[in-house]
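Dear colleague,

I am handing over the structure below, together with some notes on what I found in it. Please look through the sequence and the model first, and then read on.

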Amino acid sequence: MHRKLIIGSLLAATTLLGACALIQRPGPVGNVNVPAPAKAVDLAQYMGLWFEQFRYEAPFQKDMDGVTANYVMNPDGTVRVVNRGRRGSKWKESVGKAKLVEGSGNAKLKVSFFGPFYGNYWVLDHGDDYSWSIVGEPSGRYLWVLTRDRHPSDQMKTELAERVKRLGYDWNLVRITRQ
């Protein structure tokens, strides 16, 4: 009986260690002082399709291009999140949901793609006309820059890059997304 318990414990520990080895680690911290969101977000204007222009490379998005995010308000006040991207010729789609963080002016959300596990999603800044958005979270490991146009002007991309740098993000960690 004692031997079965030891073998069972070893198998469980081995399985747990193996699972831990598969957990994707976040990238480096690219902003040690992530600012609070600059302004409130009008959810009705924020909903819809966004095209990613650049980001910090995250393990779950590694080597992806053609990345989009689509947000739809659910009847219960949560937001349906559909992220889509292409790795080579293969498309991947992730569907999740976001909850608003009370008292944040709708600029902070908690997003989940994996059941009860939620991550931070902060709309750090956005255009008054909602033509662009800069998204991050408090650890400084993630950054996404989104636009409504698949192919915005070079001037807009340059202005967004400058805004990202002024927010304290390390431009050397940025990956340009091919649309």
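I begin with one pair of residues: Asp65 and Arg178 form a salt bridge, with their closest N and O atoms 2.7 Å apart (a salt bridge being a side-chain nitrogen of Lys or Arg within 4 Å of a carboxyl oxygen of Asp or Glu). Because Asp65 lies in strand β2 and Arg178 in the segment after β9, this pair ties together parts that are 113 residues apart in sequence. Asp65 counts as buried, at 4% relative accessibility, whereas Arg178 is exposed, with a relative accessible area of 56%; here buried means under 20% relative accessible area, exposed means over 50%, and partly exposed covers what is in between, with a 1.4 Å probe and protein chains only.

Before going further, please note that this is a predicted model, in which local features need pLDDT of at least 70 and side-chain atom pairs count only at pLDDT 80 or more, while totals for chains, interfaces and linings use all residues. Residues are numbered from 1 along each chain as its sequence is written, and side-chain values use heavy atoms, with hydrogens and water left out.

The salt bridge above belongs to a wider group, since salt bridges that share partners join Glu52, Arg55, Glu57, Asp65, Arg175 and Arg178 into one network. Within this network, the side chains of Glu52 and Arg55 meet at 2.5 Å, N to O, and those of Glu57 and Arg55 meet at 2.6 Å, N to O. Arg55 is buried, with a relative accessible area of 0%, and Glu52 is buried too, whereas Glu57 is partly exposed, at 24%. The count of salt bridges comes to twelve.

As for the overall architecture, the protein has three helices and nine strands, these being DSSP runs numbered from the N terminus (H or I over at least four residues for helices, E over at least two for strands). Along the sequence they follow the pattern α-α-β-β-β-β-β-β-β-β-α-β. Of the 179 residues, 39% are buried, and the protein exposes about 10,600 Å², of which carbon and sulfur atoms supply 57%; the areas come from the Shrake-Rupley method with a 1.4 Å probe, and for residues only the protein chains shown count as cover.

Strand β1 (residues 48-56) deserves a careful look, because eight of its nine residues are buried, so that it is largely enclosed by the rest of the structure. It runs antiparallel to strand β2 (residues 65-73), to which four bridges join it, and the bridge partner of Trp50 in β2 is Ala69; two strands are taken to pair if DSSP finds at least two bridges between them. β1 also pairs in the antiparallel sense with strand β8 (residues 143-147) over four bridges, where Glu52 stands opposite Leu146. Three further bridges join β1 to strand β9 (residues 174-176), again antiparallel, and there Phe54 has Ile176 as its bridge partner.

The largest nonpolar core has 21 residues, and those with the most contacts inside it are Val41, Tyr46, Tyr71, Val79, Tyr121 and Leu146; such a core is a set of buried Ala, Val, Leu, Ile, Met, Phe, Trp, Tyr and Cys residues joined through side-chain atoms within 4.5 Å. At least two residues of this core come from each of α2 (43-46), β2, β3 (79-87), β5 (108-114), β6 (117-126) and β8. A second, separate core of 16 residues includes Trp122, Leu143, Val145 and Met156.

Two loop residues are also worth finding in the model. Gln61 lies in the loop between β1 and β2 and counts as buried, at 8% relative accessibility. Its side chain and that of Trp144 are joined by a polar contact of 2.8 Å (a pair of N or O atoms within 3.5 Å; within protein, one must be able to donate a hydrogen and the other to accept it, and residues adjacent in sequence count only if both atoms are side-chain atoms). Val34, in the loop between α1 (2-22) and α2, counts as buried at 17% relative accessibility, and its C-alpha atom is separated by 5.9 Å from that of Gly140, 106 residues apart along the chain.

With best wishes
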